[in-house]
Every structure is written in C-alpha cells, then in structure tokens.
Amino acid sequence: MTAGWISRQRHLLDFALSSLGRRRGKNLGLLAVYTLVVFVLASVMLFSHAIRHEARLVLKDSPEVVVQKLVAGRHDLIPAGHLEAIRGVRGVRAAEGRLWGYLFDPAAAANYTLMVPRDQPPAPGTALIGSGVAAVRDAAPGDTLSFRAHDGQLVQFTVAGTLERDSALVSADLFLVSEADFRRLFGVPEGRFTDIVASVRNPREIRTVAEKIDAALPDTRIILRDEILRTYDSVFDWREGMLLVLLSGAILAFGIFAWEKASGLSAEERREIGILKAVGWETSDVIRLKTLEGMVISLTAFLAGYVLGYLHVFHFGAPLFEPVLKGWAVLYPDFRLTPFVDELQVATLFFFTVFPYTVATVVPIWRAATVDPDQVMR
Amino acid sequence: MLFQPAIIALILASAVSTLMLASSLPFVVRVLRRWDMASGAETQLEMERRTYLVATLLKLVLVAQGAALVLFVFNADRMASLFTGAMCAVGTLKVDRWGFPALYLHMAVFFLSAFWLVLNHVDNLGWDYPLIRLKYAALLGLAPVVAVAGGVQLAYFLGLRADVITSCCSTLFSGNGITVTSNALAAMPHGVALGLLAAGLAAVAASGAHFLLRGSGGVVHALASAAVLGIGLAAVVSTISVYVYELPHHHCPFCLLKREYGHVGYALYLPLFLGTVCGVGGGIAARTRRHPSLALAAPRAARRLVGVSLACFAAFGVVALWLVLRSHLILFEAAP
Amino acid sequence: MIRLTDVRKAFNQGRHNEFWALKGIDLRLAAGAVTVFRGPSGSGKTTLLTMVGALARPTSGRVHLEERDISAMPERFLTEIRRSTFGFVFQNFNLIKGLSVVENVMIPAYPVGLPHGRLKARAMDLLERLEMADKAEARAEWLSGGEAQRAAIARALINDPRVLIADEPTANLDSERSAQFLSIVAGLKRDGRTLLMTSHDPMVAEAAVVDRVVSLRDGRQVEAR
C-alpha cells in the first residue's frame, strides 16, 4: 500500500466525518435507533449467556453421577442399602447419600431449598441461610425462624450465618440444616436418602459406570452431569434463538428504516454528490465515502449499544427482563450476574446488526453515487 | 434444528448473499447480450452504472462469506458441548454427512468471490472494460456455488440434533476413523507432509521470483499457489497440529484457533489463504495482458499480487517452521 | 487540442419525451485560446461544454482530446482525465455549504491522494493569488457572489488543469465584478491555459481577451467568429 493510498483514505475519512457532522439531525436520529437495536439484542444475548455461564458454574461443583430411586416412574426416597451396591461397581471412587428438598414458607410466600451440606453441616437447631432467604425474612445471625414439620409440630432454627457465594443465583434460596433437623422436619426415616451421588475415577468411564449401576439397580434412574449441562446449553440456546427470531421483526424494521434514511437524500445532499463527481470524484470514490460514513455510524452504534447492554445486564441487574425473571422464583429478582463476554457472541451480534444495516444501505448508496456528474450544469 | 443465534446469523448471511447474487443475474444476462462499449446510448450508460452496484455487492458477499467462514468454524467448535463424544469442531462437523461439505463449500465461495474481485479489479484497469463478458459469465458460475453452499449449510443445520453420538478428532484422525479424505490427510507420514510442504513452498517461491524477474510463468505460480493451499492444509492436519498440541495423535485443524493455543491457527490460515488468493489472482491477472488495453496495467497488477502472495507464503512458512521448532515434541530423531 | 466530430446527445432516449440537445457538432478547439459559446438558452451550449469537458459522453460522434478518443471511455477513466485536464467553474459556483473555503478548494484533489499538508499549502497559495487568503477559513455560504466565484476558480485550479471551463461566469456578477473576472481570465491565458466559456453576456463575448466565439442554436452551430 502506497503513501498516496493512505492519504487518500485519510481525506475520505475526514470528508466522511465532516459530512456526517453537517447532517447532524438526520444522523443522530439514525444513530439513536441503531444503538437501541444493538442495545436490545446485546442485552438479550449477554443475559442468556450469563445465565448459561451461571448454570455451568453451579454444575461445575455438582456430582458427576446422581442416582435416584423411581417408584411407578416417580422420584422416591432411596434406601441406604443401594449405597453399598454402588460403591461395589468398578470405577466408582465414592458414593454418598444426599438429603435435600423444598420447603414452602407461608410467611414469605416463597420456596426455600433445604439441604444437608456434605461437609461442615450446621449444628442441630441452627441453620445457614442464603442471601435471598435473609432478605425476605429480614433475618440476621442470631434470629430464630420456625416452621411447621410434617406432623404439624413447630421446628425452630437459629440463624448461624448467611451464605456468600460467587454465584448468587445458586445460593439465594438455600437453607442449610443438620441431618437430624432435616429428618425431623420432613419425617424422612433413618436409612433413607433423597438421592445418591457418586464420583467416578476416570471421567472417560462415566458412561460405562452409569450403565453398570443401571444394570445392578434396575429401580433407579441415573442422571449424568454432562447430560444436564448439554440440556441446559441447548435449552438456553433455543430460548435465545427464539427471542432473536421474535426480535427479527425489529431488525427488519430497522433495515427498512436504514434503507429509507439512506435513500431519502435531501436535495442538498444530491447536489453535493453531483458537485463531488463534477469536480473529479469517481463513482467508486463516492461509494467509498458513503461506506465510510456507514462504517462510522455502525461502529459507534455497535460500541455504544453493546456497552449500554453490558451495563444494563451486569450493573443494573437487567431491569428490563425483571418481569420475566420474577415468574421464575420469588427470591431471585435481586441477584447480580457475573460479567461474562464471549467472542463468538460479539461476532454474532455484529452479524445481526451491522450486516443487515450494510445490506440495507448498499443499493441506496449506489443510487446516490451514480448521480450524473453533469447534473450540476443542467 | 438447533435454534442458535450463530446458526441463524450464518443462515441469514448465506441467504442474503444468494439473494444479492440472484438479483443481479438478469443484469448479468443483459450485459452478456447487449454490452457495447462504443455506444453512448443511455441504456449503455445505465449498464455501466449498474456494474458498480454488482462490484459492490460482490465485495459485500466476500466480506460476509469470509466472516461467515470464521463464524462457522467458531460456532462448530462451540457447539461441541451439545453432542456426546464431540470435543471440538471436528466432532460437530462429523455429526452428519453435510458438515464437512458445508465447510468446504464455504471455503470455495470465499476463494471464488475473491478471484472474481481480482478479475473485476483488473478489468477496471482497462479503458474499454476488456474482461466484462468474461467476468459476468464467471458470475453465472459463481451464483450457483453460493446457492448450493447455502443449501448444504442449511441441510447441515437442519439435521443437527443435540446429543447425537459422534466421533471426535482423537478417534477420527487417529488412523482407524471413518472418513477417507481427512484420514488420508492425517495418516500422511510426518516426513512426507513436511517434505511436500517444503517442496511446494519452494515451487511457489521459484515461480513467483521468476515471474517478478522475467514477467512470465504467472500461471505456473497460480497453480503452485493452489497446490500449496492443499499441501499446507494437509501438513497442518497431519503434522503441524501434532507439534502444536504436543500429542502424537491429536490432528485437529480447528483447535489451533482456540485461545488455549494462543489463536495460533489464525497466524497459519490467514497468510495461507491470502497467499492463495493473491497467487492465483496474480496468475489470472497475468493471463489478461493479451488485451491491448491491459498490456501495461495487467502485468503491473499481477506483479503486485504475486509479490503479496510471496510475502504471505513466506509468513506461513516461517510460522509453520517456528511451531515445529518451538515444540517439545520430537517426531524425528537426529540423524546419526 | 480538442476535436469534436459529428457529436450528438440525446436525453430520455427511446421515451416519448426524447430530446436531442446536440444535433451534430464538428469543432476544433485550439490550445491556449479563449473560446466563448454563445446562444439562447436551450441552444445546447451547456450540453456541449459537458461533452468537451468529459462530464458526459456523447450519444454518438467522437470527442478527441489530443489524439485520444474520449467519447467511449468508461466513467472511471473519463473522471481521471477530467480531474487532471479540466477545471470547472459552475454558473452558481456550487461550493459545498458548511465547509470552509479552503476545504472546498481542496475537494477535487482528495481522490489523488496528496499528503494533506502539501495539498493545503497549494490551496492557500491559489487563494492568495486570487486575493482570497483572508477568507480561507470562512464558511462557503458566507461569501459574496464575487468571492464565491474566486473560490470556485481556485477549486477549479487545484489539480493544475490545462483547460478551465466556465458556465455563464458573469451571470451572477455586477459589471465591476465581471471586469475583475475577465482580468483573471487574461491572467490564466497568459499562464498558457485554455479557456472555454458559455455566456450570453455581450461584455464577455466582446472582451479583448476572447479569441473565438462559437454561436449555437437548436443544437447546431450557426456561425463562428
């Protein structure tokens, strides 16, 4: 590339910027709409990606294999005897029973997730609670919370502390109790667990191990972490894709808007292009000029829209999506997503916004650029 | 079908590219039948004006397809988590028989539209549109390729179902996999692959230098460039990737693009692709100098293209050599 | 240096309002001379200027610049020739509003790709010679008629063309300004440039500096002086 080429591009860019500045009103309007489109799409994408990321964080610590007992196709308590059978399968490193369930609290009209943690369970009579629980019950360490057990008697818990975790989505509704309290509250007999989790020595053998467990314990259902991950991924992808299809109407409208803006040349603009061509600009110079103008607008709108979307989702907790979220669980509205940016997603967003804009403006730009140079003399 | 944003974007890109080309076909036919440079009639002036639109559309198609090629590979890699057994893009592409054809067609569209733009550029250098019929006839050939590429890609995406069990690169390329072509590439002995690559690069360098000095043999350089594209890709799959991963049986051409390997794949593929575009383009440009109006301009353009292609292939060679040298993996024992 | 052979130009060809603006012009224009095209409006003199100045292609006939046939050239090359050979001063000057005078002057040189500094120095030099240096940073729309014309002349000269083409240069000027314009023309002629003008102002047609007057009527040449 020669120096002449570079200074030519510089002149064109200079002229493009001043030309945009001279039609500030029109271009600011376009920029605002463009930014809005990028903002909405960026928010949707960032939000669904962040949720997916969140889910992955949660599942990272979750067990590789979960074994549940089925009775008539429904989930039932699993007997402790199954533990030995599972530990006996080759390739299983460890297996243990878990106790967990949901508790509806009429005082807060909310569901809590009750769990007996595997290590360091709270002392009997005390509980560790998630931030969401603490918020709805306005509870601080030392306070007492009481619930009705399965037999109608009151069970009391002293709050021993609240949970802080890197993912608020997971821990907000947690309510950690001791094994004895859990069994008393729900009437789960000794020797029974909610389900059994197992870890596998060699990750490549997970599938084989699962098949063996299935063969040894025909009354159980086996859930693999990878399967959950895959399901989450495809479910969220699908949701995001669905939203994009719904929003494609908006993209189309935006394309038409851009087309109209680009083809609705004012008499002044036509005259200007005519002058440029008459004094020695070539059609492709004008096309380049108009393309540069479009690029400046596109990049500005993309950057602004993306930053706004980022702030919206990660700093303001996506208030525009709050209604959707509220339907999910009462305790969730106040969580903050972990910021997460992904190259593929940025590239896709670019495709969804800049590409339609560019396509919509090609023909109008060409029309404008092929104004007859002799029209200024007529 | 998987309803994914990137997939929708890719389908959108091919659909729009196909539409843009299809919509210019009536004009192409008109040019082939009615073009008369000597005429000053308004219909002729109108046609000349339309050529600017077609050229701009093709530029847009090239940019879109280039971006789509990257997005396609990127997305295939990302989707691997959806398929049991797939660990990277190869696994995703192996899900059904349309995956790899879709990739190859993407590449074909990219190269063909780049060649067309070279032809267009050279044509614009002549004062009488010397190549106008040739380049518009070429469009008649390019349009179906773009359409078929879009169709195959659509078939691939429509056939995707999450959790289809597929094989991945470790088994696919390990020598006992299923496909013939990829396997033949992967099974190529390291010495043969590197030897062929060195020979190919030498041929490119020799033919390019000869062209720059003597001004002849542009077509030889074009053929050598096209050959190096194939040899280079084969060498990447069979040998260079092994050096990068430092695993004797990992032959994946896509993992190179990942962050884990410092995106080093871009440093290999970009010069290789650009070098091929410029090398073949230089040959195309050199062929056109028999037109009187291009007698001066075409050789000049061809020299510039060949120069760029030489620089690109040199860059590719240097990067490949560096990857081999810095690797801790030893495939060849030093001669006694 | 410019030769026209049987040049014809049609507008709206093949439609019901087809109109032939030029109906066969044969003309030779000498280098270094000042030529005025005269005729009533609609006589085709402006259309003729666009053919001569490579702004448009004739529907039929040939236009030669030196030995080169430019009548069937694609726009791309026509533009290059126009940019390097011809400078234009339009009837209503056609400066771009919102830009400063010096920016307006530089515009024709942008596609050439000169470094910005050198280009600006050349533009300032031209403005200086036309006594417009103090207005260089003024917005184009703030200029008076005479100033706008001198800015337009500077713009026409930025690529150092051999031929300057002016369309009705005195139509928007009073007599004093017209006289000033003619003295600029005399200066350009002394520099060795060729000047082509259309005008129905007798003051221009009868000026001493003019070498030749070509009269047109209904797209045909009627007499020549």
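The dialogue below reads a predicted model chain by chain, and then turns to the contacts between its chains.

Q: Which helices and strands make up chain A, and where do its domains lie?

A: The secondary structure of chain A comes to twelve helices and 13 strands. Its domain assignment gives domain 1, built from 8-59 + 230-377, and domain 2, which covers 63-224. Between the C-alpha centres of domain 1 of chain A and domain 2 of chain A the distance is 47 Å.

Q: What does the radius of gyration of chain A come to, beside that of a compact globule?

A: The general idea is to set the value computed over C-alpha atoms against a rule that depends on the number of residues. For a compact globule of 378 residues the radius of gyration would be near 21 Å, whereas chain A has 31 Å. The C-alpha trace of chain A spans about 100 × 50 × 40 Å along its principal axes.

Q: How many of the residues of chain A count as buried, and what share of its contacts joins residues 24 or more positions apart?

A: A residue counts as buried when 20 or more other C-beta atoms lie within 10 Å of its own. In chain A, 37% of the 378 residues count as buried. Among the contacts in chain A with a separation of 6 or more, 81% are between residues 24 or more positions apart.

Q: What pattern does chain B follow along the sequence, and what part of chain B is buried?

A: Chain B has eleven helices and zero strands, and, read along the sequence, it follows the pattern α-α-α-α-α-α-α-α-α-α-α. Buried residues make up 48% of the 336 residues in chain B. Of the contacts in chain B with a separation of 6 or more, 74% are accounted for by residues 24 or more positions apart.

Q: In what order do the strands of the open sheet of chain C stand, and which are the edge strands?

A: Strands of a sheet pair through backbone hydrogen bonds, and the pairing may be parallel or antiparallel. In chain C, an open sheet of four strands has the order β2-β1-β4-β5, with antiparallel pairing. The edge strands are β2 (19-29) and β5 (68-69) of chain C, each of which pairs on one side only.

Q: How many bridges join β1(C) to β2(C) and to β4(C), and which residues stand opposite one another?

A: Strand β1 (residues 2-11) of chain C is joined to β2(C) by eight bridges, and the two run antiparallel. In this pairing Lys9(C) stands opposite Leu22(C), and Phe11(C) has Phe19(C) as its bridge partner in β2(C). Five bridges join β1(C) to strand β4 (residues 60-65) of chain C, again antiparallel, and here Thr5(C) stands opposite Arg62(C) in β4(C).

Q: How many residues does the contact take from chain B and chain A, and which helix of chain B gives the most?

A: The size of an interface is often given as the accessible area lost when the parts come together. Counted by residues, the contact takes 24 residues from chain B and 27 residues from chain A. On the side of chain B that touches chain A, α1 (5-34) and α2 of chain B each supply at least two residues, and α2(B) gives the most, with eleven residues. By class, this side of chain B has 17 nonpolar, four polar and three charged residues.

Q: What does the contact take from chain B and chain C?

A: Ten residues come from chain B and twelve residues from chain C. Helix α2 (residues 42-78) of chain B provides the largest share of the side of chain B that touches chain C, three residues. By class, that side has six nonpolar, two polar and two charged residues.

How values were computed
Residues numbered from 1 in each chain as written. Chains lettered and ligands numbered in written order. Predicted model: local features only at pLDDT ≥ 70, side-chain atom pairs only at ≥ 80, totals over all residues. Contact = placed C-beta atoms within 7 Å. Nonpolar A, V, L, I, M, F, W, Y, C, P; charged D, E, K, R; others polar. Buried ≥ 20, exposed ≤ 12 C-beta atoms within 10 Å, placed from the backbone. Domains from an automatic or database assignment. Pairing = 2+ DSSP bridges. Rg over C-alpha atoms; globule rule 2.2 N^0.38 Å.
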